[in-house]
Structure formats: C-alpha cells, structure tokens
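Reader: I am new to this structure and would like a close look at a single part of it, the nonpolar core. Could you take me through it slowly, with enough of the surroundings to place it?

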Amino acid sequence: MIRRRVVVHGQVQGVFFRASCVQEARRVGAAGWVANRPDGTVEAVVEGDEATVEHMLAWCQEGPTRARVSQVDVAEEPAEGLSGFEQR
C-alpha cells in the first residue's frame, strides 16, 4: 500500500474534475479523497497498490475532457489505510 498527495494546476475547477476523479478512483479501487483548493487547484490523496496509484497519477495528468492540466505536483506520504474514495 502506497499513498501520494497530488496538487493539480490549470483549468481544473468547474470542469467536473472532482466528480470524474471519484468515478475513476472507484472504478480502479483506489482509496482517498479529492477537493478543490481556494487557489484554483485541485488536491487529491490516493492510496492503493503501486499500479493503482500510478494509474490515478497518470489520470490526473489529463483529467476529464474539459480540464486543461498544466502541472501536477506529487508528494509521497505514509499510507493510512484509507477505504473508499470521496469528494470533499
């Protein structure tokens, strides 16, 4: 089990980024959460096996159709054993 904290920059609010992220995370079995930040970025915490987390990191590079991702910052964190994936 690994955990990554992701901050996604660009046109990522108001384009269903969070809802699409929840849908994709649940589809692949990732745990964690996603939230809008006041500065216009989207932050997510993703936990799971390495392949699942890497899939979600790759998904965040593109996001949903209407998103325009300009940068993705990724930080390693100790896993907490989260379950489910939610939008905050």
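Author: What follows goes from the chain as a whole to the core, and then to a few single residues.

The model is a predicted one, and its chain holds 2 helices and 5 strands, which follow one another from the N terminus in the order β-α-β-β-α-β-β. Along its principal axes the C-alpha trace spans about 30 × 25 × 20 Å. The radius of gyration is 12 Å, which agrees with the value near 12 Å that a compact globule of 88 residues would have. Among contacts between residues at least 6 apart in sequence, 80% join residues at least 24 apart, and buried residues make up 43% of the 88 residues in the chain.

In soluble globular proteins, nonpolar side chains tend to be buried together. Here the largest nonpolar core has 21 residues, of which Val8, Phe17, Val34, Met56 and Phe85 touch the most other members. At least two residues of this core come from each of β1 (2–11), α1 (17–28), β3 (42–48) and α2 (50–62), and α2 supplies the largest share, 5 residues.

Methionine 56, one of the core residues that touch the most other members, shows what such a position looks like from the inside. When its neighbours within four places in sequence are left aside, methionine 56 is in contact with Cys21, Glu24, Ala25, Val28, Ala30 and Val46.

Valine 22, placed in helix α1, gives a second view. Its relative accessibility is 8%, and because buried means under 20%, valine 22 counts as buried. Beyond its neighbours within four places in sequence, valine 22 is in contact with Val34, Phe85, Glu86 and Gln87, and of these Val34 and Phe85 are among the core members that touch the most others. Valine 22 and tryptophan 33 lie 11 residues apart in sequence, while their C-alpha atoms are 7.6 Å apart in space.

Phenylalanine 16, in the loop between β1 and α1, offers a contrast to valine 22. With a relative accessibility of 56%, phenylalanine 16 counts as exposed, since exposed means over 50%. Phenylalanine 16 also has a positive phi of about 65°, although it is not a glycine.

Turning last to the outside, the accessible surface of the chain comes to about 4800 Å², and 45% of that surface belongs to carbon and sulfur atoms. The chain carries 10 positive and 13 negative charges, and the mean positions of the two sets are 8 Å apart.

How values were computed
Residues are numbered from 1 along each chain as its sequence is written. This is a predicted model: local features need pLDDT of at least 70, side-chain atom pairs count only at pLDDT 80 or more; totals for chains, interfaces and linings use all residues. Side-chain values use heavy atoms; hydrogens and water are left out. Helices (H or I, at least four residues) and strands (E, at least two) are DSSP runs, numbered from the N terminus. The radius of gyration is taken over C-alpha atoms; the globule rule is 2.2 Å times the number of residues to the power 0.38. Buried means under 20% relative accessible area, exposed over 50%, partly exposed in between (1.4 Å probe, protein chains only). Contact means heavy atoms within 4.5 Å. Accessible areas come from the Shrake-Rupley method with a 1.4 Å probe; for residues, only the protein chains shown count as cover. Lys and Arg count as positive and Asp and Glu as negative; His and the chain ends are not counted. The place of a charge is taken as NZ of Lys, CZ of Arg, CG of Asp or CD of Glu. A nonpolar core is a set of buried Ala, Val, Leu, Ile, Met, Phe, Trp, Tyr and Cys residues joined through side-chain atoms within 4.5 Å.
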